[in-house]
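This briefing looks at how charged side chains pair with one another in a protein chain. Please keep the sequence and the structure in view while reading the points that follow.

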Amino acid sequence: YRNNPEKSYQTFTERTDVNSRVSTSLETDWSDVTSTRATLFWRDNSHGQIPSYSLGSCVPVSPATTCTTNGRQNDNSYTSYGVDSQVSHGLGFMDSRVIFGAGWDRTGNDYDEDNLAVLRDSALRYLSYTVTGKRRRYDALIDNPSLYFQGEIKPLDKTTLVLGGRYDLIRYDFDNHLMPSSATGAPDEKREFSHFSPRLGVARELDREAELFLNLSEGFVPPEVSQLYSSLDV
């Protein structure tokens, strides 16, 4: 690599990403102490690749000038849409306020992967490939409704206490379009995860340019589709 930094054995590996995002928000102040916000969003991602790390290795045996090894190409795409809304209300004492919110995200995830026969020459270059069969093909519908709240109060001047929490429910509806196996993945399944994530914090304003804060919170990330269903057994 150091002697030939411009040299690559790959002649056709690639990666293509196409991403789109659209969102719109409506914010309304109903009074001096009450306001609402609602955001609608739509996302579309397409990620296709022939990765170099998926190509096997072979060396031609004389008198042959080429050899055949294996590889893969895949396309992983998803489209999601949803809404996030919240209401904020001041309580009228100690600069306190409460925030209540709800969200919903619905995502369709499609995955398609092919096995490849890859031709390699005596200079170890990967010359070309042909598709030999389907390795994986599935789609997964993912629903994520959520509820959250947060309360804030100033018991002392320049000191704010925060208490909040969020509840998430994640539903998977997995549909394998191939015969389930160790290579093609798990059989069709519906599964869900849920979790409540708390938050507690305190902030102290030191001056106009500095603040000291302490925050204790918890996040929640469910297993990804590939983690759950890439094997035969879930």
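**Salt bridges in a predicted model**

In this predicted model, the side chains of Arg43 and Asp105 meet in a salt bridge, with a distance of 2.7 Å from N to O. Arg43 lies in strand 2 and Asp105 in strand 4 (residues 97-121), so this pair ties together parts of the chain that are 62 residues apart in sequence. As general background, side chains of opposite charge can pair when their charged atoms come close.

**Accessibility of this pair**

- Arg43 has a relative accessible area of 23% and is therefore partly exposed, because the range for that class runs between 20% and 50%.
- Asp105, by contrast, counts as buried at 15% relative accessibility, because buried means under 20%.

**A second link between strands**

- The side chains of Arg37 and Asp84 also meet in a salt bridge, where the N to O distance is 3.4 Å.
- This pair links distant parts of the chain, since Arg37 is in strand 2 (residues 34-50) and Asp84 is in strand 3 (residues 66-90), 47 residues apart.
- Arg37 is partly exposed, with a relative accessible area of 29%, and Asp84 likewise counts as partly exposed, at 22% relative accessibility.

**Other salt bridges**

- Glu189 forms a salt bridge with Arg191, and their closest N and O atoms are 3.1 Å apart; Arg191 counts as partly exposed, at 30% relative accessibility.
- Asp112, Asp114, Lys134 and Arg137 are linked with one another in a network of salt bridges.
- The structure as a whole holds 13 salt bridges.

Definitions and conventions
Residues are numbered from 1 along each chain as its sequence is written. This is a predicted model: local features need pLDDT of at least 70, side-chain atom pairs count only at pLDDT 80 or more; totals for chains, interfaces and linings use all residues. Side-chain values use heavy atoms; hydrogens and water are left out. A salt bridge is a side-chain nitrogen of Lys or Arg within 4 Å of a carboxyl oxygen of Asp or Glu. Helices (H or I, at least four residues) and strands (E, at least two) are DSSP runs, numbered from the N terminus. Buried means under 20% relative accessible area, exposed over 50%, partly exposed in between (1.4 Å probe, protein chains only).
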